[in-house]
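Here is a short note to keep beside you on a first look at this structure. The points can be taken in order, with the viewer open.

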Amino acid sequence: MSGRVRVLWNHFPRLARELEPAGDAAARAQAGEMAEDIREAVRVDTGELRESIAVGPTRGGYAVGASADQALSEEFGTSRQAAHPTFAPVAERARGPFAEKVATEIHRRFRA
Amino acid sequence: MRVVSNAIKAKLEADAPLVAGAPGGIHIRRVPQLDRLPAVVLAKQSGRQSYTLSARAYRELVYLVKGIAETREGAEAADERADAVLTDGTLTLQGQTLMRMRRTGDVEYSETAKEGRVYWHIGGLYAVGVTPG
């Protein structure tokens, strides 16, 4: 037995168009939430480190970073002080929700 | 995850070239004394649990393992040896099985301590997956 299937219409062209902006919107939202979570979790002495946490665009995405000098020593420790990681746990927790955010954003755009 | 931390420490301590290159020893979280360097420090950075419907399936842990030294070369050498020992290496774990252990990122920075000494911190982040049993 043999047969032929002819596709008359599908969502693939629209999906291809929407995928990149949906991913971008989800990534921007996720990075913003991560920055907020890190600000809440980071140890505060003068507030300089907390205030320096920011989101910025990178090639193909967004990065959450901190410009304060003590950012690296807080995250990874010094010769006398143990590490107090905040970026790594927040990034780890965000992995699952990020995939959901992309899916939600695609659904939202298709319903619109 | 004390079990995993202790197992990584034991693994590193069993490597003769690393022990020779890091006379300050291998420590969890921080170096107790700075009079003998290079030293190696390991610390858990993050952890994530995954479950089946009724049980814990596996844990994804991220460990920092770094060399600390007063010279870049000293810290780098300790880091390179630790990488050779850990990436795709084995661990002896009580009640758990290692699924995989791989370096996923690099860490490198220097620190000028209050007394003016410069310490180099060079190491890597390691993804360690463990499952019960």
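1. A word before starting: this is a predicted model. A good place to begin is with charged pairs, and a search of the whole structure, over all chains, turns up 22 salt bridges. As background, side chains of opposite charge can pair when their charged atoms come close.

2. Take A:Arg109 and A:Glu18 as an example. They form a salt bridge whose closest N and O atoms are 3.4 Å apart. This pair links distant parts of the chain: A:Arg109 sits in helix α4 of chain A and A:Glu18 in helix α1 (residues 12-41), with their positions 91 residues apart in the sequence. A:Glu18 has a relative accessible area of 18%, so this residue is buried, the cut-off being under 20%. The two also belong to a wider network of salt bridges, which links A:Arg14, A:Glu18, A:Glu105, A:Arg108 and A:Arg109.

3. Now for a local pair. A:Arg39 and A:Glu36 form a salt bridge too, with the closest N and O atoms 3.0 Å apart. How far apart are A:Arg39 and A:Glu36 in helix α1 of chain A? They are 3 residues apart, so about one helical turn separates them. A:Arg39 is partly exposed at 26% relative accessible area, and A:Glu36 is partly exposed at 39%.

4. Chain B offers a salt bridge between B:Arg103 and B:Asp83, where the closest N and O atoms lie 3.9 Å apart. Here again the pair links distant parts of the chain, as B:Arg103 is in strand β4 (residues 96-112) and B:Asp83 in helix α3 of chain B, 20 residues apart. Both partners are partly exposed: B:Arg103 has a relative accessible area of 21%, and B:Asp83 has 23%.

5. Please look at B:Asp79 as well, which is found in helix α3 (residues 72-86) of chain B. Is B:Asp79 buried or exposed? B:Asp79 counts as buried because its relative accessibility is 7%, and the cut-off for buried is under 20%. Leaving out residues up to four places away in sequence, B:Asp79 touches B:Val65, B:Arg103, B:Ile122, B:Gly123, B:Gly124 and B:Tyr126. B:Arg103, from the salt bridge in the previous point, is thus one of the residues that B:Asp79 touches.

6. Next, the nonpolar interior. The largest nonpolar core has 24 residues, and those with the most contacts inside it are B:Ile8, B:Leu12 and B:Val128. Several elements of chain B each supply at least two residues of this core: α1 (2-13), β1 (26-28), β2 (39-51), β3 (56-69), α3, β4 and β5 (118-132). Beyond its neighbours within four places in sequence, B:Val128 is in contact with residues including B:Val4, B:Ile8, B:Leu61, B:Tyr63, B:Leu98 and B:Met101. Another core lies apart from the largest one; it has 13 residues, among them A:Ala31, A:Val42, A:Ala68 and A:Val90.

7. Where do the two chains meet? The contact takes 18 residues from chain A and 21 residues from chain B. Together the chains bury about 1500 Å², of which 54% is on carbon and sulfur atoms. On the chain A side, A:Phe76, A:Ser79 and A:Arg80 supply 41% of the area buried against chain B, more than any other three residues.

8. The interface has polar features too. There are 8 residue pairs in polar contact between chain A and chain B, and 2 salt bridges cross the interface. B:Glu115 forms a salt bridge with A:Arg80, with the closest N and O atoms 3.4 Å apart. In chain A, α3 (71-76) and α4 (87-111) each supply at least two residues of the side that touches chain B. The largest share of that side, 5 residues, comes from α4(A). By class, the side has 7 nonpolar, 7 polar and 4 charged residues.

9. Finally, have a look at B:His121, in strand β5 of chain B. B:His121 is buried, with a relative accessible area of 0%. Its contacts reach both chains, including A:Gly77, A:Thr78 and A:Ser79 as well as B:Val107 and B:Tyr109. The side chain of B:His121 makes polar contacts with the side chains of B:Lys66, at 3.0 Å, and B:Glu111, at 2.8 Å.

Conventions. Residues are numbered from 1 along each chain as its sequence is written. Chains are lettered from A and ligands numbered from 1 in the order in which they are written. This is a predicted model: local features need pLDDT of at least 70, side-chain atom pairs count only at pLDDT 80 or more; totals for chains, interfaces and linings use all residues. Side-chain values use heavy atoms; hydrogens and water are left out. Helices (H or I, at least four residues) and strands (E, at least two) are DSSP runs, numbered from the N terminus. Buried means under 20% relative accessible area, exposed over 50%, partly exposed in between (1.4 Å probe, protein chains only). Contact means heavy atoms within 4.5 Å. Buried area is the accessible area (1.4 Å probe) that two parts lose on being put together, summed over both. A salt bridge is a side-chain nitrogen of Lys or Arg within 4 Å of a carboxyl oxygen of Asp or Glu. A polar contact is a pair of N or O atoms within 3.5 Å; within protein, one must be able to donate a hydrogen and the other to accept it, and residues adjacent in sequence count only if both atoms are side-chain atoms. Ala, Val, Leu, Ile, Met, Phe, Trp, Tyr, Cys and Pro count as nonpolar, Asp, Glu, Lys and Arg as charged, and the others, Gly among them, as polar. A nonpolar core is a set of buried Ala, Val, Leu, Ile, Met, Phe, Trp, Tyr and Cys residues joined through side-chain atoms within 4.5 Å.
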